[in-house]
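Hi,

Here is the structure I promised to pass along. Have a look at it first, and my notes follow underneath.

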Amino acid sequence: MQRSLALAAQAVGLSNPNPAVGCVLIAPDGQLIGQGHTQAVGGPHAEVMALRDAAARGHSVQGATAYVTLEPCAHHGRTPPCCDALIAARVGKVVAALVDPHPQVAGQGLARLRAAGIAVELGDGAAQAAELNLGFLQRMRTGRPWLRSKIAASLDGLTALPDGQSQWITGPQARSDGQRWRQRACVVLTGVGTVLADDPLLNVREAAAGLAARQPHLAIVDSRLRTPPGARLWQVPGRQVWLFASAETANDAAQRQRQQALQALGARVILVPDAPRGLDVAQVVQHLARMPANEVHVEAGATLNGALLRAGLIDECLLYLAPKLLGAGRPMAAGLRLDALDQAPDWHWLDRAWLGADLRLRLSRRPLEALIGADEAA
């Protein structure tokens with residue numbers, strides 16, 4: 001299973017919006033005879049890749065055990081059901097780390113394997129398999145993607161000086177690690193304030209080891225469509241750009257003109273209703289789920305971070321702390337007001353790591369076990 005999980009890690013980013021899955025085939029004598037991971041959307045899944053690998057090596061898989069990090073699918077989407085491929089290959093046993101919560105699977109793949117006389121087990125590795133597929137699992141269960149907010153800050157919780165200077169609070173190792181998290185996401189989400197202040201590319205500038213070389217799409221919360229047509233973000237090939245604008249100004253002639261200019265650059269403009277303090281960010285996130293997006297990497301300023309936190313939409317905080325004290329400057333999130341300490345939501349530690357002189361902290365709103373069904377966790 002550990003080998004299967006390592007293979008699944010190679011599919012992170014590559015398989016979006018499908019889950020990242022790995023599969024290893026072990027012969028009755030203990031020999032590894034085939035392995036593979038899920039390919040880009042529309043391509044073969046992990047089980048089929050492992051079966052093909054075994055065939056290319058000249059091995060029969062009859063009676064073999066398949067270790068797979070997610071339940072074999074039971075529905076016909078872009079590819080045929082993987083459970084049927086395993087049945088046809090006459091494997092003897094399937095060990096899965098997790099049940100697939102997809103409504104067209106959800107235990108049906110395992111049931112079909114059992115009905116065909118194949119032994120089925122839910123094995124170790126559930127937490128690791130869930131970690132690789134946080135967004136997919138959440139989207140299948142709740143209809144909402146996993147939002148990870150990446151913040152680089154000083155020890156006193158400031159992200160920039162009062163005039164906006166922020167390059168560079170953290171060191172090169174922390175910045176490189178941030179690229180890796182950006183690369184695994186389906187979408188990078190930011191606000192127009194960040195675009196206007198920094199003119200960022202918001203692209204993947206260095207391929208992270210073990211992750212597919214690809215550019216996540218870009219989504220910008222831009223109620224008045226102020227994103228400049230000359231911004232550098234338009235220079236990144238191979239990605240879509242989505243602009244979320246206010247539906248309240250749809251009849252404004254100047255906005256229609258700006259919308260046409262941005263659409264001519266390839267942008268998709270999506271109109272959403274206003275909320276009391278800006279765009280309805282919950283509607284933005286719902287649209288991202290329907291794209292479909294599994295993981296959304298938030299790289300934004302205090303205004304958008306604050307709006308997402310107030311709405312309870314941030315699932316994970318990816319925080320890089322530098323050994324610096326700024327004294328005054330811009331906060332991580334704006335508009336958070338509590339009347340009592342017991343109103344503060346609890347966060348749960350995922351991990352901690354030193355990156356040069358900087359400390360990376362990962363926290364989630366819910367324990368990781370919440371994304372693992374009771375049967376898998378048991």
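Where does UniProt place the feature "domain: CMP/dCMP-type deaminase"? The unreviewed entry puts that domain at residues 1–121. Keep in mind that this is a predicted model. Over residues 1–121 the chain is 30% helix and 18% strand, with the end C-alpha atoms 12 Å apart.

Now the protein as a whole. Its secondary structure adds up to twelve helices and 18 strands. The radius of gyration is 23 Å, which agrees with the value near 21 Å for a compact globule of 378 residues. If you are setting up a box, the C-alpha trace spans about 65 × 45 × 40 Å along its principal axes. Buried residues account for 51% of the 378. Of the contacts between residues at least 6 apart in sequence, 73% link residues at least 24 apart. On the outside, the protein exposes about 16,800 Å², with 51% of that coming from carbon and sulfur atoms. As for charges, there are 37 positive and 32 negative ones, and their mean positions sit 5 Å apart.

Which residue does the "active site" annotation cover? According to the unreviewed UniProt entry, that is Glu-47, and you will find Glu-47 in helix H2 (residues 46–56). Is Glu-47 buried or exposed? Its relative accessibility is 3%; buried means under 20%, so Glu-47 counts as buried. Setting aside neighbours within four places in sequence, Glu-47 is in contact with Cys-23, Val-68, Leu-70, Pro-72, Cys-82 and Leu-86.

A few backbone details to look at before you run anything:

- The peptide bond from Asn-16 to Pro-17 is cis, with omega near 5°; Pro-17 is in the loop between helix H1 (2–10) and strand E1 (22–26).
- The bond from Met-291 to Pro-292 is cis too, with omega near 0°; Pro-292 belongs to the loop between helix H10 (281–290) and strand E14 (295–298).
- Ala-106 is not a glycine, yet has a positive phi of about 45°. It lies in the loop between strand E4 (93–96) and helix H4 (108–115), and at 44% relative accessibility it counts as partly exposed.
- Leu-225, also not a glycine, has a positive phi of about 55°. This residue is in the loop between strand E9 (217–221) and strand E10 (241–246), and with 1% relative accessibility Leu-225 counts as buried.

Cheers

Methods: Residues are numbered from 1 along each chain as its sequence is written. This is a predicted model: local features need pLDDT of at least 70, side-chain atom pairs count only at pLDDT 80 or more; totals for chains, interfaces and linings use all residues. Side-chain values use heavy atoms; hydrogens and water are left out. UniProt positions are given in the numbering used here, feature names are shortened, and annotations may be inferred rather than shown by experiment. Helices (H or I, at least four residues) and strands (E, at least two) are DSSP runs, numbered from the N terminus. The radius of gyration is taken over C-alpha atoms; the globule rule is 2.2 Å times the number of residues to the power 0.38. Buried means under 20% relative accessible area, exposed over 50%, partly exposed in between (1.4 Å probe, protein chains only). Contact means heavy atoms within 4.5 Å. Accessible areas come from the Shrake-Rupley method with a 1.4 Å probe; for residues, only the protein chains shown count as cover. Lys and Arg count as positive and Asp and Glu as negative; His and the chain ends are not counted. The place of a charge is taken as NZ of Lys, CZ of Arg, CG of Asp or CD of Glu.
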